[in-house]
Structures are given as structure tokens and as C-alpha cells.
Amino acid sequence: GLFPPFLETVLDKKTRGLVLIAGEMGKGKTTTAASIVVARLQRHGGIAVAIEDPPETALNGVHGMGRGIQGQASRKSGGYREHLIRALRSGADDIFIGEIRDADTAAEAIQAGINGHFILATIHASSIEAAIERVATLSDAYFSSGIETAYSNLSLGLKAVLWQTLDVPLGQNGNVVKRLRCKSLVIDGDASGVKSKIASGKIGLLGQDIDEQQRKAKYAAQWSS
């Protein structure tokens, strides 16, 4: 149920930057993120480090040509930030952060994305726009000019955002059927307008870009079928 442009971006071996999976609690964010990690390992091999608190999906071990290394972000040993720094030093190809929920993790994730790493992270947010705003707000204390620099750096490090939820209509015979509903935004080379809006903090204007990308994806899917 994910849009092809988003999938093509996150599964491309050359993709570098921060990818956010946003949504409310219990809406499948970790499941989606874990499936992306496994798919990248199976396609491209290499090493993926998963940092979670607590680990929710079994990622440790061999996946196709690649291997997952899973660890718990213990607060006694520095929390997400310290584990992320160790993962970056390890030379891992992909890094999965179970959740961005504090300033340290937000700032390190942005910087790692700018420096050319593939960073995948979940975040609690009610929309794509809210996810971007939350990461910028969390990290603003770590940048010299506060929120302005946070947005500027985020525009350089952010690669894609997915927001998802699970609708639960009743199926036949009263069975509960969960259905994925999502929106995505890809900040790619041809999305200079999107980068500009993020850099200037005009997050409220991204709605038209999100809708336009969804429209093009649906049109392409209908044309190919």
C-alpha cells in the first residue's frame, strides 16, 4: 500500500539521508520501518544496525545477503544518541532508530543524514508536516541560530517522510480487517521547492506538494495498469 515513488527512494541503494516513518501509537510504524530494513538487506546486502527501546521486531541475524544487528538503547549507557554515534562509527550501511523522541537523537539523526548515511527512524506525529516540525523543534537547541538553522539543516538531511495509519473497518462475518492508509513526501533532487519550504520553515505550505506527489503516483499506477 505504499506509494511507488516513496518505495523506490527508500529501497534505492544510492539513497542517503534521513527517512521518517510517522504516525500515532499502534499504527504500524515499526512494522513498516522493519520491513524496509529487511528489504534493503535482502536487495543490497551489507550491515544494518537497529537501535530500539525496547526491540519490537526480530531484525537480528541474516536477511538475504545482509545481516541485521539489533540492540536496545539503554538510558544507562547514553540512550539513543550514544548508540547512534556508535552505530555511525561502526561503518554500518543502514541505521534504524526505533523512535526520535528527544533533542539529542533528533540532532544526531539530522547530522548523520547530511553526512551521507541512510538513517531510518519512526516518530510520533499526526501528519507529515507535524513530523517535520517536531524534528526541527526537538533539535533547535543544538544549532547556533536555533529553529532557523534546524529547519535549514533538516532540508539538507531529510530524504523522505511517510505518514501512516491503520483503518479498522469490519470485514465479512464481523472480522476485523486492518487497512493501511498513508501519505508520503519525497525530498529529491527535483524537489527544490520542497527543500526551500522546509529550509525557510514554511511547513504549512507542504500540503500542496504532498497532494501533487500522491496525484502523480496514482496517475502513474493507473497508466501502467
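A polar contact is a pair of N or O atoms within 3.5 Å; within protein, one must be able to donate a hydrogen and the other to accept it, and residues adjacent in sequence count only if both atoms are side-chain atoms. This is a predicted model, where local features need pLDDT of at least 70, side-chain atom pairs count only at pLDDT 80 or more, and totals for chains, interfaces and linings use all residues. Residues are numbered from 1 along each chain as its sequence is written, and side-chain values use heavy atoms, without hydrogens and water.

**Exercise 1.** Find the polar contact at the start of α4.

*Solution.* Begin at aspartate 102: one of its side-chain oxygens comes to within 3.2 Å of the backbone nitrogen of aspartate 104. Then look past the helix, where α4 is followed by glycine 116, with a positive phi near 100°.

**Exercise 2.** Check the length of helix α4 (residues 103–114).

*Solution.* Helices are DSSP runs of H or I, at least four residues, numbered from the N terminus. The expected span is 1.5 Å times one less than the number of residues. For the 12 residues of α4 this gives 16 Å, and the end C-alpha atoms are 17 Å apart, which agrees.

**Exercise 3.** Which residues of α4 are buried (under 20% relative accessible area, 1.4 Å probe, protein chains only)?

*Solution.* Thr105, Ala106, Ala107, Glu108, Ala109, Ile110, Ala112 and Gly113 are buried. Their cover includes α5 and α6 (147–157).

**Exercise 4.** Locate the charged end of arginine 40.

*Solution.* Go to phenylalanine 118: the charged end of arginine 40 sits over its ring, 3.7 Å from the centre. The rule asks for CZ of Arg within 6 Å of the ring centre and within 35 degrees of the ring normal.

How values were computed:
Helices (H or I, at least four residues) and strands (E, at least two) are DSSP runs, numbered from the N terminus. Buried means under 20% relative accessible area, exposed over 50%, partly exposed in between (1.4 Å probe, protein chains only). Contact means heavy atoms within 4.5 Å.
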